[in-house]
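Here is a walk through one protein fold, written for someone who would rather be at the bench. Have the sequence and the 3D view open while you read.

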Amino acid sequence: MGNMSQPQFENFTASSLYCKKCKAAMPVRERLLLVLPDRELYDYLCTHCASSVGQREVTAGDKLMARAAAPRRARRTMAPRGVMP
Ligand SMILES: [Zn+2]
């Protein structure tokens, strides 16, 4: 009998995706499409024309990773020294 507290995901940042109909990157609305035992499917709808512009699959593992892992840093690409004799 575990009283698991359910995390809330209200902090999802609304992102913009390219909408084919609007021919522009539009703010999207995230809609929970399907809930499976080990994953959730999200649908992204254009807030302007309400057409689906993308989908996302979030697994339970992804959620844990997103919480635990720090944001990825862009790797610095170091130019190799091509010094040839
Ligand atoms: Zn649109």
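Over how many bridges do strand 2 and strand 3 pair, and is the sense parallel or antiparallel? Strand 2 and strand 3 pair over 8 bridges, and the sense is antiparallel. Keep in mind that this is a predicted model.

**The overall layout**

Let's step back and look at the whole chain. The protein has 4 strands and 1 helix. Starting at the N terminus, you meet the elements in the order β-β-β-β-α. Of the 85 residues in the protein, 7% are buried. If you take the contacts with a separation of 6 or more, 22% of them are between residues 24 or more positions apart.

The 4 strands make an open sheet with the order 1-2-3-4 and antiparallel pairing. Its edge strands are strand 1 (16–19) and strand 4 (52–59), each of which pairs on one side only. On average, neighbouring strands of this sheet are turned by 40° against each other, direction ignored. As a reminder, strands of a sheet pair through backbone hydrogen bonds, either parallel or antiparallel.

**Strand by strand**

Here are the pairings side by side.

| Strands | Sense | Bridges |
|---|---|---|
| Strand 1 and strand 2 | antiparallel | 4 bridges |
| Strand 2 and strand 3 | antiparallel | 8 bridges |
| Strand 3 and strand 4 | antiparallel | 7 bridges |

You can follow the register by picking out bridge partners. Going along strand 1, Ser 16 has Pro 27 in strand 2 as its bridge partner. Leu 17 is matched with Met 26 in strand 2, and Cys 19 has Ala 24 in strand 2 as its partner. Further into the sheet, Arg 31 stands opposite Asp 43 in strand 3. Asp 43 in turn stands opposite Gln 55 in strand 4, so you can trace a line from Arg 31 through Asp 43 to Gln 55 using the bridges that pair these strands.

**The turns**

Each step along the sheet is worth a look at its connection. Strand 1 and strand 2 form a hairpin with 4 residues between them. Strand 2 is joined to strand 3 by a hairpin through 2 residues. The hairpin of strand 3 and strand 4 has 5 residues between the strands.

Which residue in the turn between strand 1 and strand 2 has a positive phi? That residue is Lys 23, with a phi of about 55°. Lys 23 sits in the loop between strand 1 and strand 2. Lys 23 counts as exposed because 8 other C-beta atoms lie within 10 Å, and the cut-off for exposed is 12 or fewer.

Ala 50 belongs to the loop between strand 3 (39–46) and strand 4. Its phi is positive too, at about 65°, although Ala 50 is not a glycine. Most residues other than glycine have a negative phi. Is Ala 50 buried or exposed? With 11 other C-beta atoms within 10 Å, Ala 50 is exposed. Across the fold, Ala 50 and Lys 21 are 29 residues apart in sequence, and their C-alpha atoms are 9.8 Å apart in space.

**The core**

Now for the nonpolar part. Which residues make up the largest nonpolar core? There are 6 of them: Cys 19, Met 26, Val 28, Tyr 44, Cys 46 and Val 53. Strand 2 and strand 3 are the elements that give two or more residues to this core. In soluble globular proteins, nonpolar side chains tend to be buried together.

Val 28 is a good residue to zoom in on. Val 28 lies in strand 2. Why does Val 28 count as buried? Val 28 is buried because 22 other C-beta atoms lie within 10 Å, and the cut-off is 20 or more. Val 28 and Leu 17 are 11 residues apart along the chain, with 6.5 Å between their C-alpha atoms.

Val 53 is another core member to check. Leaving aside neighbours within four places in sequence, Val 53 is in contact with Leu 17, Tyr 18, Cys 19, Val 28, Tyr 44, Leu 45 and Cys 46.

Terms used:
Residues are numbered from 1 along each chain as its sequence is written. This is a predicted model: local features need pLDDT of at least 70, side-chain atom pairs count only at pLDDT 80 or more; totals for chains, interfaces and linings use all residues. Two residues are in contact if their C-beta atoms, placed from the backbone, lie within 7 Å. Axes are lines fitted to C-alpha atoms, for helices over the stretch in contact, and angles run from 0 to 180 degrees between N-to-C directions. A nonpolar core is a set of buried Ala, Val, Leu, Ile, Met, Phe, Trp, Tyr and Cys residues joined through C-beta atoms within 7 Å.
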